[in-house]
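Reader: Please show me the structure, and then allow me to put some questions about its helices, rings and loops.

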Amino acid sequence: MTDDSGHSGFHYSEQDVQREVTELEGRSTTAARIFDLRRIIGGLFVLYGVIVTITGITDSQAQIDKAQGININLWTGIGMLLLGVFFLVWLWLRPTPPPVPPVEGEGEAE
């Protein structure tokens, strides 16, 4: 249903619009927390660190001798694990802050 001006006959109150905006801001905050790069980077480093550490633990002496006597897979895996844990602890200690709600009257012409 439209009137002569081409607008629909549905009118939303300021309260309805504000409720919808608040709901969308909440969804945006949740998405920002889920896709925080610290979570993604930390998780990947922990995963790959576990794989490389296990590879280092199971390396044969011949493979260690190829790396001039250093178990490079083990040390690299441990380093990756530590870096991944660092990112996850950082995320836990300093979570993504919620957005600051707009101050009423801000941005309105006087």
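Author: The questions and answers below concern a predicted model.

Reader: How far apart are the end C-alpha atoms of helix H2, and what span should its residues give?

Author: Helix H2 runs over residues 37-57, which is 21 residues. At 1.5 Å a residue, a span of 30 Å is expected. The distance between the end C-alpha atoms agrees with this, being 30 Å.

Reader: Which residues of H2 are buried, and where do they fall when seen down the axis?

Author: The buried residues are Arg38, Gly42, Gly49, Thr53 and Gly56. Seen down the axis of H2, these buried residues lie within an arc of 60 degrees, so they line one face of the helix.

Reader: Against which helix do the buried residues of H2 pack?

Author: The partner of these buried residues spans 72-93. They pack against helix H4.

Reader: How is the aromatic pair of Phe87 and Trp90 arranged?

Author: The structure holds 3 aromatic pairs. In the one formed by Phe87 and Trp90, the centres are 5.9 Å apart and the planes make an angle of 45 degrees. An angle under 30 degrees would count as stacked and one over 60 as edge-to-face, so the pair of Phe87 and Trp90 is tilted.

Reader: Is Trp90 buried, partly exposed or exposed?

Author: Trp90 lies in helix H4, 3 residues from Phe87, about one turn of the helix. Phe87 is buried, with a relative accessible area of 15%. Buried requires under 20% and exposed over 50%; at 37%, Trp90 is therefore partly exposed.

Reader: Which residue lies over the face of Trp90?

Author: Trp90 forms one aromatic cluster with Phe86 and Phe87. The residue over its face is 5.0 Å from the ring centre. That residue is Arg38.

Reader: Which side chain is joined to that of Arg38 by a polar contact of 2.8 Å?

Author: The partner is found in the loop between helix H1 (14-34) and H2, and is buried, with a relative accessible area of 10%. Not counting residues up to four places away in sequence, this partner touches Leu91 and Thr96. The side chain in question is that of Asp36.

Reader: What is the approximate phi of Gln68, and where does this residue lie?

Author: Most residues other than glycine have a negative phi. Gln68 lies in the loop between helix H3 (61-66) and H4 and, at 75% relative accessibility, counts as exposed. Although Gln68 is not a glycine, its phi is positive, at about 60 degrees.

Note on methods. Residues numbered from 1 in each chain as written. Predicted model: local features only at pLDDT ≥ 70, side-chain atom pairs only at ≥ 80, totals over all residues. Heavy atoms only, no water. Helix = DSSP H or I, 4+ residues; strand = E, 2+ residues; numbered from the N terminus. Expected span 1.5 Å × (residues − 1). Buried < 20%, exposed > 50% of the residue type's maximum accessible area, 1.4 Å probe, protein only. Arc of directions from axis to C-beta. Contact = heavy atoms within 4.5 Å. Phe/Tyr/Trp six-rings, centres within 6.5 Å; stacked < 30°, edge-to-face > 60°. Lys NZ or Arg CZ within 6 Å of the ring centre and 35° of its normal. Polar contact = N/O pair within 3.5 Å; in protein donor to acceptor, adjacent residues only side chain to side chain.
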